[in-house]
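Reader: I am new to this structure and would be grateful for a close look at a single part of it. Please take the salt bridges as the starting point and proceed from there to the surroundings.

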Amino acid sequence: AGIPEYVFENKNGFLVDPKSPDQIAMVIKKLLNENDISFIYDNSREVYEQLFSRPSIQRELKNLFLSI
């Protein structure tokens, strides 16, 4: 199933219906035809930094506590 809230289509991954062989095959073919898929790794790191890095978590916690 994955975590669709953190997978951004064509940015850091691909969302497919796990019960759809056609969708899965389409994404596999797309990746096989790409010359460079390092953008997925780079973008995944960017998403991680934005959502899960220490400064990001600290900022979210601070905002949460200030809202109480």
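Author: In this predicted model, Lys11 and Glu46 form a salt bridge in which the closest N and O atoms are 3.5 Å apart. Lys11 belongs to the segment before α1 and Glu46 to helix α2, so the pair ties together parts that lie 35 residues apart in sequence. Both partners are partly exposed: Lys11 has a relative accessibility of 28%, and Glu46 has one of 35%.

The count of salt bridges comes to two. The other pair joins the side chains of Arg45 and Glu49, with 3.0 Å from N to O. Arg45 and Glu49 are four residues apart in helix α2, and therefore about one helical turn separates them. Glu49 is partly exposed, at 35% relative accessibility.

Glu49 also leads to the next helix. Together with Gln50, Leu51 and Phe52 of α2, Glu49 makes the contact with α3, where the partners are Arg54, Ser56, Ile57 and Arg59. Two packed helices are described by the angle between their axes and the distance between the axes. For α2 and α3, the angle is about 35 degrees and the axes are 5 Å apart. By class, this contact has three nonpolar, two polar and three charged residues.

Some residues of this contact, including Leu51, Phe52 and Ile57, recur in a nonpolar patch on the surface. The patch also includes Ile3, Tyr6, Phe8, Tyr48, Leu61, Leu64, Phe65 and Ile68, and its members have about 1,100 Å² of accessible area together. The elements that give two or more residues to the patch are α2 (38-52) and α3 (54-67). The largest share, four residues, comes from α3. One member, Leu64, lies in helix α3; with a relative accessible area of 45%, Leu64 is partly exposed because this value falls between the limits of 20% and 50%.

The segment before α1, which holds Lys11, also holds Asn10. Most residues other than glycine have a negative phi. Asn10, by contrast, has a positive phi, near 65 degrees. Asn10 is partly exposed, with a relative accessible area of 40%.

Helix α1 itself spans residues 21-33 and contains Leu31. Leu31 is partly exposed, at a relative accessible area of 25%. Apart from neighbours within four places in sequence, Leu31 is in contact with Phe14, Ile37 and Ile40.

Key: Residues are numbered from 1 along each chain as its sequence is written. This is a predicted model: local features need pLDDT of at least 70, side-chain atom pairs count only at pLDDT 80 or more; totals for chains, interfaces and linings use all residues. Side-chain values use heavy atoms; hydrogens and water are left out. Patches are made of residues with over 30% relative accessible area and no salt bridge: like charges are joined within 9 Å, nonpolar side chains (Val, Leu, Ile, Met, Phe, Trp, Tyr) within 5 Å. Accessible areas come from the Shrake-Rupley method with a 1.4 Å probe; for residues, only the protein chains shown count as cover. A salt bridge is a side-chain nitrogen of Lys or Arg within 4 Å of a carboxyl oxygen of Asp or Glu. Buried means under 20% relative accessible area, exposed over 50%, partly exposed in between (1.4 Å probe, protein chains only). Axes are lines fitted to C-alpha atoms, for helices over the stretch in contact, and angles run from 0 to 180 degrees between N-to-C directions. Contact means heavy atoms within 4.5 Å. Ala, Val, Leu, Ile, Met, Phe, Trp, Tyr, Cys and Pro count as nonpolar, Asp, Glu, Lys and Arg as charged, and the others, Gly among them, as polar.
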